[in-house]
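Reader: I'm new to this one. Could you take me through a single part of it slowly, starting with how a pair of helices pack together?

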Amino acid sequence: MTEQPSSSLVASHGPVPSETARDSQAYYDQDEAFALNLERYWIEALALRYWVGGIVALCLLVGLVVTLLTTPQFGATARIEVSQVAANVTDIDPLEAEASVSELQYLNTQYELLRSRFMAGRVIEAGNLLRDEQFLDAFSLEDPEGLDRQSVGGLLLDKIEIQPIAQSSLVDVQFVSPSPEVSARIANLWVNEYIAANYEKRFGTNIEARDFLRNQIEELRANLSRSEQELISYANQNEILILNSASPDGGESSATQTLIAADLEALNAALAQAVTDRIAAESALVSGDVSSDGRDSRLTSELALAEAQLSTMKENFGPDYPLIKQKQSQVESLRASLRAKSTSELESARLRERQLRAQLEQAKSEFLGQQNQGIQYGILRREVETNRALYDALLQRFKELEASGAGQNNIKLIDEATVPDGPISPSLFLNLLLALGIAVLLAAGLVYLRVAMSQTVRDTREVKERFGLPLLGAIPKFRSEERLEELRQRSSQTSEAYRSLRSNVAFLTPKGEPRSILFTSTVPAEGKSFSATALAASFAQLGKRTLLIDADLRNSALAATLGIDTTGRGGLSRLLTAPDSALQDEAIAVSGFGFDYVPSGPRPPNPVDLLATPRLRQLVEQAQETYDQVVIDGAPLLSLADAVETARAAEGVIFVIESDRVKAKAIESAIERLKQSGAIVFGVLLTKLDERTAGYGYGYGYGYGYGYGKEAAPEKPDGRAAAIDV
């Protein structure tokens with residue numbers, strides 16, 4: 001028969017990997033890549049399930065042991081409020097100006113200050129931690145003499161945790177140690193020292209200034225007291241009495257005077273008034289107008305009344321009326337009384353004037369005597385005033401500093417740390433969860449390494465990915481003892497699997513099934529011989545005349561497996577060496593399967609040379625004249641050329657790969673040898689799939705469960721199931 005062109009073997013709907021088919025599937029392959037990888041990892045995880053379980057159990061055990069052996073740690077938490085610095089509400093500016101910063105910057109600064117070495121040093125000093133036995137015992141510090149502030153400070157910073165509360169100005173300060181009492185004490189020390197340090201930072205300058213002014217005020221108070229005492233003692237010794245006069249506006253005047261000076265002033269005023277009274281009395285007496293001086297209001301009133309009555313009587317009765325004379329006498333009497341009284345008052349005024357003048361002269365003499373004493377008194381008084389002015393000024397400034405620096409601290413203690421009831425670590429739940437996470441990572445790494453280092457084919461989808469060939473069928477693993485019996489039963493798993501292969505083969509060429517198909521594999525016992533038998537039987541079940549040729553001239557056991565006695569038959573070896581031999585003479589009808597079988601015959605000394613002759617192609621062409629389908633069971637490729645030479649006589653090759661056995665590179669090398677020889681590789685048949693590790697669904701709308709409830713295939717000593725090849 002003439003060889004068909006390769007284009008005739010490519011069907012648009014078939015599984016042959018043409019360039020057009022590859023391009024059309026490129027996008028699909030990209031979309032499926034991630035899912036395929038996940039499935040491969042899942043398959044490997046199932047295969048390594050005992051290892052994965054062991055890793056998980058070991059990690060959980062380690063987590064439990066670590067939890068039990070770890071020293072319990074107790075955490076005590078104190079809460080503070082860190083507020084932005086408030087504006088100064090007084091009119092007095094503090095000595096130290098406040099910097100204007102954003103709230104976020106300010107809070108971050110405070111967080112860093114809380115976890116600074118400066119704070120650790122303050123806490124060490126405040127709590128005397130270098131000598132605190134409870135603290136040293138809690139951290140097992142057995143040599144207090146060898147400790148220094150730096151090492152203890154580093155220990156404190158390792159154990160302190162600053163935890164700002166989101167969306168607030170609250171901060172939790174937590175200290176963790178093996179002792180609950182130490183944790184609570186250190187946490188409270190930390191926040192208290194931080195609050196004190198912040199207060200000192202804000203108002204430290206004012207505090208120093210107030211301390212200085214307080215000392216100065218105490219000194220001035222003593223000086224003022226001493227100078228006042230000296231002034232009072234001097235005044236008492238010299239009988240100097242100080243009088244304070246009121247100012248015109250009602251306030252207290254600063255002007256002072258002695259008692260003698262006050263008396264002198266009063267006597268001078270009284271003398272002036274006496275002189276005035278004397279002059280007035282003399283004037284009234286000289287002028288004779290005694291009724292107008294107003295010193296005796298009763299006599300003056302009576303005189304005025306009598307004069308008025310006298311005038312009235314004169315007008316009414318005339319001057320000779322007797323009563324007028326009587327009234328005239330009364331008026332004269334009253335005037336005489338007033339004149340006498342004025343004279344008496346004048347004498348009294350003169351006497352008073354003389355007396356006051358004498359007293360004034362005496363007071364003047366005493367005042368002049370105190371002038372020399374007043375000089376020293378003035379010196380002492382000015383010293384008192386100077387000391388008082390200085391004292392008042394410093395006292396006023398002290399009060400101003402208190403007003404500017406007495407504001408509340410912007411950092412407040414909200415909650416003190418209390419002694420914790422239980423440890424915060426180790427947590428059995430968290431440690432087991434962490435151990436489980438580590439176990440998952442280790443198991444995932446193991447699975448990844450297994451996938452990355454895998455050299456065999458375990459998944460149906462790897463065929464397309466690794467070799468670029470379509471998958472024509474996938475045959476599950478089954479018991480080799482029952483394979484022929486299952487093949488005879490059309491409802492068996494084996495028959496169903498190979499019927500799927502036959503259906504896919506029907507689309508390999510535009511005209512349907514290829515007339516001649518070669519089965520080969522990389523190494524022996526991959527299931528190629530049984531697969532060739534099963535496909536031949538499947539074709540025969542369709543009523544097609546099928547011929548199965550055993551072309552493995554080196555090591556074939558197909559005849560013994562089929563239970564056929566080939567004694568006395570030359571088989572394929574005779575057909576190749578004897579050109580006059582007939583194919584019908586060597587063909588044997590296989591009962592129960594419905595196809596004819598040509599055995600390999602005696603093993604020739606030169607199998608490759610026989611297969612390389614044109615005789616094999618002639619035999620295949622001759623068989624196609626009689627049979628509808630010719631199935632050839634070839635030798636494995638391995639390092640031999642038998643299958644390469646046999647492929648020249650067939651329309652194409654179905655390459656058989658046993659799942660999880662042969663290295664992928666060896667398979668690629670074998671397929672490449674076939675392609676380089678010009679053979680057409682229709683696709684791959686994947687055999688002996690284990691559903692526990694393959695997870696296969698074959699991609700043709702049909703999936704096969706494992707075993708159909710039958711017993712699993714027996715395993716070889718190396719862990720693989722028994723081979724089903726013959």
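Author: Let's start with one helix pair and then visit a few other spots.

This is a predicted model, where local features need pLDDT of at least 70 and side-chain atom pairs count only at pLDDT 80 or more, while totals for chains, interfaces and linings use all residues. Residues are numbered from 1 along each chain as its sequence is written, and side-chain values use heavy atoms, with hydrogens and water left out.

Two packed helices are described by the angle between their axes and the distance between the axes. Look at α14 (residues 493-505) and α15 (residues 528-541): their axes come within 9 Å and cross at roughly 75°. Helices here are DSSP runs of H or I with at least four residues, strands are runs of E with at least two, and both are numbered from the N terminus. Axes are lines fitted to C-alpha atoms, for helices over the stretch in contact, with angles from 0 to 180 degrees between N-to-C directions. So α14 is roughly perpendicular to α15 (the label covers 65 to 115 degrees; under 35 is roughly parallel, over 145 roughly antiparallel, and the rest oblique).

Who does the touching (heavy atoms within 4.5 Å)? On the α14 side you'll find T494, Y498, R499, L501, R502 and V505, and they meet F530, S531, A534, L535, S538, F539 and Q541 of α15. Sorted by class, that contact has seven nonpolar, four polar and two charged residues (Ala, Val, Leu, Ile, Met, Phe, Trp, Tyr, Cys and Pro count as nonpolar, Asp, Glu, Lys and Arg as charged, and the others, Gly among them, as polar).

Now for another pair, α4 (residues 117-127) and α6 (residues 149-159), whose axes come within 9 Å and cross at roughly 110°. These two are therefore roughly perpendicular to each other. Their contact counts six nonpolar, two polar and three charged residues.

Finally, the backbone. Most residues other than glycine have a negative phi, and most peptide bonds are trans. N128, in the loop between α4 and α5 (133-138), has a positive phi of about 50°. A cis peptide bond joins S425 and P426, with omega about 0°, and P426 sits in the loop between β6 (411-415) and α11 (428-453).

Notes
Contact means heavy atoms within 4.5 Å.
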